[in-house]
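Student: I've got a model open and I'd like to go through the terms people use for it. Can we start with the contacts?

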Amino acid sequence: MRESRVLHRGQHVFVPDFEAIHTSGERVHLEIVGFWTPEYLVHKQKMIDLFPDQRILLLVQSSIASKLEPSPKHHVLEFKSKIQMSKVM
């Protein structure tokens, strides 16, 4: 894993927290969504929705998971207080 590359669409820029690259070359962006304000979650959802063509794994704190609506390309992995890397892999 490493820092993610910048995703851009028009005037919008999104920098996921990390990027995982499989030995096959397949890339998955990882975005950690913890405890944030409702307004920030709405903004985050809009930004993620701008990139349906990208594989984005949302690592979402359980207490707010129901507030995000992932697209078919964006998968959600919930965590309570700590992200378990074995589940991410």
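Tutor: Sure. Residues 24 or more positions apart account for 40% of the protein's contacts with a separation of 6 or more, a contact being heavy atoms within 4.5 Å. Keep in mind that this is a predicted model, where local features need pLDDT of at least 70, side-chain atom pairs count only at pLDDT 80 or more, and totals for chains, interfaces and linings use all residues. Residues are numbered from 1 along each chain as its sequence is written, and side-chain values use heavy atoms, with hydrogens and water left out.

Student: What elements does the protein have, and in which order do they run?

Tutor: From the N terminus on, they go β-β-β-β-α-β-β-α, which makes two helices and six strands. These are DSSP runs numbered from the N terminus: H or I with at least four residues for a helix, E with at least two for a strand.

Student: How do you know that the radius of gyration agrees with a compact globule?

Tutor: The rule, taken over C-alpha atoms, is 2.2 Å times the number of residues to the power 0.38. For 89 residues a compact globule would be near 12 Å, and the protein has 13 Å, so the two agree.

Student: What makes Glu 19 and Arg 5 a salt bridge?

Tutor: The definition wants a side-chain nitrogen of Lys or Arg within 4 Å of a carboxyl oxygen of Asp or Glu. Here the N to O distance is 2.9 Å, so the pair qualifies. Glu 19 sits in strand β3 and Arg 5 in the segment before β1, so the bridge ties together parts 14 residues apart in sequence. Arg 5 and Glu 19 are also linked with Arg 27 in a network of salt bridges.

Student: Why is Glu 19 called buried or exposed?

Tutor: Buried means under 20% relative accessible area, exposed over 50%, and partly exposed in between (1.4 Å probe, protein chains only). Glu 19 has 1%, so it is buried. Arg 5, at 39%, counts as partly exposed.

Student: What about Arg 9 and Asp 53: why does that pair count as a salt bridge?

Tutor: Their closest N and O atoms are 3.1 Å apart, so they meet the cut-off. Arg 9 lies in strand β1 and Asp 53 in the loop between α1 and β5, so the pair ties together parts 44 residues apart in sequence. Arg 9 is partly exposed at 32%, and Asp 53 is partly exposed at 44%.

Student: How many salt bridges does the structure hold?

Tutor: Five.
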